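Hi,

Here is the structure I said I'd pass along. Have a look at it first, and then read on for my notes.

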There are 2 protein chains.
Amino acid sequence: MKYPNNIKKEFKKVITHSNRGMSLENIINDANQYYLDNDIALIYKKPTPIQVVKVQNKKIVDAFFKEPSTLDYSGLYKGKYIEFDAKETKLKNYFPLSNIHDHQINHIRNVIKQHGISFLIIAINNEYYLLNGLTIIDYIDSNDIKNMPYDFIKEKGFLLKYNYLRGLDYIKVIDNIMEEL
Amino acid sequence: MKYPNNIKKEFKKVITHSNRGMSLENIINDANQYYLDNDIALIYKKPTPIQVVKVQNKKIVDAFFKEPSTLDYSGLYKGKYIEFDAKETKLKNYFPLSNIHDHQINHIRNVIKQHGISFLIIAINNEYYLLNGLTIIDYIDSNDIKNMPYDFIKEKGFLLKYNYLRGLDYIKVIDNIMEEL
């Protein structure tokens with residue numbers, strides 16, 4: 001099949017979404033842009049925490065990445081506070097909980113305590129699941145093992161579908177979570 | 001009067017709060033810490049947006065500060081989404097609206113549209129005012145001048161008091177704003 005050069009490129013860009021390391025972030029950003037453009041929700045990625053050590057003529061010449069103490073995405077939907085993170089694993093049978101920093105787990109607890117909505121979007125086995133913060137905390141508090149089985153995620157999580165126009169469309173799941181609160 | 005050396009220092013640290021350039025950020029951070037410690041609210045300062053250009057052996061060696069497109073502080077109070085910024089002016093008669101970037105004004109509009117609570121804390125004339133985002137947007141939309149008079153801020157804003165234990169205690173004002181929504 002022959003495409004004009006630029007269309008081919010576009011096509012290529014789309015189909016590589018599921019293979020690239022950055023894919024999860026990209027398709028979540030696409031969803032957030034769609035929600036913003038359509039007045040559905042206002043959710044954005046926070047800046048990466050960086051400790052600046054030295055600045056010369058407005059240019060940062062010495063700095064380092066800090067460990068995040070909150071989750072990467074925050075915003076609001078129907079007036080409610082939302083905060084979540086996106087995590088990927090190449091493992092097939094479980095998600096290692098070491099992927100979530102202790103500070104982040106503590107932060108999820110605090111968001112729940114303050115009646116906000118917090119969750120993880122987990123990419124595992126070429127599928128995307130939204131797992132409610134409450135489910136994650138319950139699991140951590142009642143299990144000594146540091147891994148969360150794929151079967152548990154599949155059972156307790158909400159399967160998300162990638163959509164060409166909407167990106168990884170997760171917002172409707174939040175309605176389900178709100179009903180559970 | 002004679003103090004032991006360390007007490008004197010503490011005392012000094014406190015009274016210089018109102019004079020230092022960083023003071024407003026510090027006393028807001030103190031308030032946020034107090035709210036966190038006492039389960040009143042969960043509000044934190046977002047990381048400063050930085051564009052990383054070059055990283056060598058995990059060290060950032062080339063980067064620059066980006067213009068913020070959102071407000072510096074976000075979080076939740078009673079389940080509601082809060083986002084605000086802290087601004088200072090040394091001018092006595094007005095607050096220059098050029099202190100708020102266009103992207104930030106647009107962001108305040110979006111937060112309001114999504115039923116969140118957005119405001120500015122303005123330091124002017126050695127006083128601190130909380131000015132609701134709706135008031136700011138109304139002012140911008142109905143005035144051509146690029147300054148907001150001190151008298152307007154005094155009339156429409158909520159005067160905030162600095163408290164040694166609680167920092168710049170702004171959370172109660174939000175109850176008033178919620179009632180207006």
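Below is what I found, starting with how the chains meet and ending with a couple of backbone oddities.

One thing to keep in mind throughout: this is a predicted model, so every value here is computed from predicted coordinates.

**How the chains relate**

Chain B can be laid on chain A by a turn of 180 degrees with a shift of 0.0 Å along the axis, and the RMSD is 0.0 Å. That makes the relation one of a two-fold axis. Both copies use the same surface, too: 100% of the contact residues of chain B recur in chain A.

**The interface**

Each side brings a list of residues to the contact, 37 from chain B and 37 from chain A. About 2,900 Å² is buried between the two chains, and carbon and sulfur atoms give 64% of that. If you want to know where to look on the chain B side, B:I60, B:Y81 and B:Q114 lose the most area to chain A, and together they make up 23% of what that side buries.

On the polar front, I get 14 residue pairs in polar contact between chain B and chain A, counting pairs with both residues at pLDDT 80 or more. The elements giving two or more residues to chain B's side are β1 (42–45), β2 (50–56), β3 (59–65), β4 (73–77), β5 (80–88) and α3 (102–113). Of these, β3(B) provides the largest share, with 7 residues. By type, chain B's side divides into 18 nonpolar, 10 polar and 9 charged residues.

β3 also takes part in strand pairing across the interface: β3 of chain A (residues 59–65) and β3(B) pair in the antiparallel sense over 4 bridges. To find the spot, start from A:I60, whose bridge partner in β3(B) is B:A63.

**Salt bridges**

Over all chains the count comes to 13 salt bridges, and between chain B and chain A it is 3. One pair to check is B:D39 with A:K113, whose side chains meet at 3.3 Å, N to O. With the chain letters swapped, B:K113 and A:D39 form a salt bridge as well, again 3.3 Å from N to O. That pair crosses between chains, running from helix α3 of chain B, where B:K113 sits, to A:D39 in the loop between α2 (23–37) and β1 (42–45) of chain A.

**Strands within chain B**

β4(B) and β5(B) pair in the antiparallel sense over 5 bridges, and B:Y73 has B:F84 in β5(B) as its bridge partner. The two strands form a hairpin with 2 residues between them. On to the next pairing: β5(B) is joined by 7 bridges to β7 of chain B (residues 117–124), and these two run parallel. There, B:D85 has B:L120 in β7(B) as its bridge partner.

**Backbone oddities**

Most residues other than glycine have a negative phi. So which residues have a positive phi here without being glycine? B:K78 is one of them, with a phi of about 50 degrees, and this residue is found in the loop between β4 and β5 of chain B, in the turn of the hairpin just described. Another is A:H115, with phi near 65 degrees; A:H115 lies in the loop between α3 (102–113) and β7 (117–124) of chain A.

Shout if anything is unclear.

Cheers

Methods
Residues numbered from 1 in each chain as written. Chains lettered and ligands numbered in written order. Predicted model: local features only at pLDDT ≥ 70, side-chain atom pairs only at ≥ 80, totals over all residues. Heavy atoms only, no water. Contact = heavy atoms within 4.5 Å. Buried area = accessible area lost by both parts, 1.4 Å probe. Salt bridge = Lys/Arg side-chain N within 4 Å of Asp/Glu carboxyl O. Polar contact = N/O pair within 3.5 Å; in protein donor to acceptor, adjacent residues only side chain to side chain. Nonpolar A, V, L, I, M, F, W, Y, C, P; charged D, E, K, R; others polar. Pairing = 2+ DSSP bridges. Least-squares fit on C-alpha atoms with pLDDT ≥ 70 in both.
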